Amino acid sequence: MLRIVNRVVLGVAGLVLLVVGGSVLAVGLGLNPPSWWIHDGPHDVLLDDTERTRWENHGWWWPTVLAVLAVLLLLALWWLTANLRRHRLTEVLVDTGDGEGALLRGRALESVLANEATELDGVSHAHVRLTGRRNAPKARVRLLLEPHVDPGTALSHLTAEALAHARTSAGLASLPAEVRMKAVKHRAERVS
C-alpha cells in the first residue's frame, strides 16, 4: 500500500508542478493566457496585495488555514514515518521452554529458509524476507522454479519441509507465508 501511496503522491505533485510551472513559463514567454487564468501577463505576480489580504478580516479564515496546515503536517509525518520504518524483521523471539526467551537474528532465519528451499527439487533460486512482529513473524518467499516443476508440488514441499522446519526450530506456533513463484526462462529445445 505504501508503494501505491508514494506513486500517487509523487504523480500528483509532479503533475501539479508541471502544469503550474509550464503555464507560468508560457505566460512569461509572451503567450496570451485565457481570461480566467491566474496570470495576466509576464509582469504579473502570483498573489498581489489585494488577493493576499482579501480574507484576513473574516473570522473563519485563520482557523481554516491552520486546520488545513495541521492536516497536511500530520499527513506528511505519517508518510515520512511509514517510509523510514523498517519492513524487514530484524529478530525473532524463540521460546526456550524455561520461561526465558532467546533472540534469533531475522537474517539468519531468512538465510536458512532460503537455503533449504533452494535444496528442494526443481527450485532454482529462493528469496525469503521476514515481516511482522518478533513473536509472530510472517514469511514472504519468492521461488524461481525450473520449467519441469509442478508449482503445486513445489508449494507442498516448501510448506511440509522448509517452513515446517523453520517453525519447529524457532518454537513458533505458526509461521504464515506468502509464496510467489516464477518459472525460469529457458531456450527452446532442439528436436532432431
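Here are three short exercises on this predicted model, each with a worked solution.

Some ground rules: residues count from 1 along each chain as its sequence is written. Local features need pLDDT of at least 70, side-chain atom pairs count only at pLDDT 80 or more, totals for chains, interfaces and linings use all residues, and side-chain values use heavy atoms, leaving out hydrogens and water.

**Exercise 1.** Find which element has the lowest mean pLDDT and which the highest.

*Solution.* Start with the term: pLDDT is the predictor's confidence in each residue, from 0 to 100. The protein chain's mean is 84, with 95% of its residues at 70 or more. Now go by element (helices, H or I, have at least four residues and strands, E, at least two, as DSSP runs numbered from the N terminus). Helix α2 (residues 49–53) comes lowest at 78, and strand β5 (residues 177–183) highest at 91.

**Exercise 2.** Work out where E91 and R134 lie and what their salt bridge ties together.

*Solution.* A salt bridge puts a side-chain nitrogen of Lys or Arg within 4 Å of a carboxyl oxygen of Asp or Glu. E91 and R134 manage this at 2.9 Å, N to O. E91 sits in strand β1 (residues 91–95) and R134 in the loop between β3 and β4, so parts 43 residues apart in sequence get tied together.

**Exercise 3.** Decide whether R180 and E178, the partners in another salt bridge, are buried, partly exposed or exposed.

*Solution.* Use relative accessible area: buried is under 20%, exposed over 50%, partly exposed in between (1.4 Å probe, protein chains only). R180 has 54%, so R180 is exposed. E178 has 35%, so E178 is partly exposed.
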